[in-house]
Amino acid sequence: MKCPKCGGRYIEDVTEKHEVTDDFITIQIDEIVRCEKCGYDITNQQLPRVIAKRDEDTLLIQVSQTHSRILSLRDNVMFPAMYTEALLVKGYWDDVEEEFDAKTLLDNARTNDF
Ligand SMILES: [Zn+2]
């Protein structure tokens, strides 16, 4: 994968977002892939997006450059984010042809984080 702007190499990077409220501080860490040379980050705007489906009820939704979540439409539950590669080798995923509003789907789903 090469940078569309300058042809540079992509490297994995981590961004930290701190959110401070009266009671607690949350730190959200996002893994991103950006260009080593110019810092151009190609796909963040396009996420989350549905990248595969297993049957009519199960979608694989990419949520960061490296991680995806499985979403069960039947139960409206999303599972913890894992490496996309690791999820793709498990199970039989089909390409998706239809358009999904992945953000809305995730916003409406319950989490099943452990
Ligand atoms: Zn670049």
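This is a short talk about the predicted model shown above.

Hi everyone, and thanks for coming. Please keep in mind that what we have here is a predicted model. Let me begin with the overall layout. The protein contains two helices and eight strands. If you read along the sequence, the order is β-β-β-β-β-β-β-α-α-β. As for dimensions, the C-alpha trace spans about 45 × 45 × 25 Å along its principal axes. Of the 114 residues, 15% count as buried. And if you take the contacts with a separation of 6 or more, residues 24 or more positions apart account for 48% of them.

Now let's go inside. Which residues make up the largest nonpolar core? There are nine of them: Ala52, Leu59, Leu60, Ile61, Ile70, Leu71, Met78, Leu87 and Ala102. Two strands, β4 (58-62) and β5 (67-72), each supply at least two residues of this core. The one that gives the most is β4, with three residues. As background, nonpolar side chains in soluble globular proteins tend to be buried together.

Let me pick out one core member, Ile61. What is Ile61 in contact with, once we leave aside its neighbours within four places in sequence? The list is Pro48, Arg49, Val50, Ser68, Arg69, Leu71, Ala102 and Leu106. Two names there, Leu71 and Ala102, also belong to the nonpolar core.

Next, please find strand β1, residues 10-20. Is β1 largely buried or in the open? Of its eleven residues, the number buried is zero, so β1 lies largely in the open. Its partner is strand β2, residues 25-35, which runs antiparallel to β1 and is joined to it by eleven bridges. Together, β1 and β2 form a hairpin, with four residues between the two strands. If you'd like a place to look on screen, try Lys17, which stands opposite Gln28 in β2.

My last stop is Tyr92, in the loop between α1 (84-89) and α2 (102-108). Why does Tyr92 count as exposed? The cut-off for exposed is 12 or fewer other C-beta atoms within 10 Å, and Tyr92 has 7, so Tyr92 falls in that class. You can also look from Tyr92 back to Ala81, eleven residues away along the chain: their C-alpha atoms are separated by 18 Å.

So, three places to visit when you open the model: the nonpolar core with its three residues from β4, the hairpin of β1 and β2, and the exposed Tyr92. Thanks for listening!

Conventions: Residues are numbered from 1 along each chain as its sequence is written. This is a predicted model: local features need pLDDT of at least 70, side-chain atom pairs count only at pLDDT 80 or more; totals for chains, interfaces and linings use all residues. A nonpolar core is a set of buried Ala, Val, Leu, Ile, Met, Phe, Trp, Tyr and Cys residues joined through C-beta atoms within 7 Å. A residue is buried if 20 or more other C-beta atoms lie within 10 Å of its own, exposed if 12 or fewer, and partly exposed in between; C-beta atoms are placed from the backbone. Two residues are in contact if their C-beta atoms, placed from the backbone, lie within 7 Å. Two strands pair if DSSP finds at least two bridges between them.
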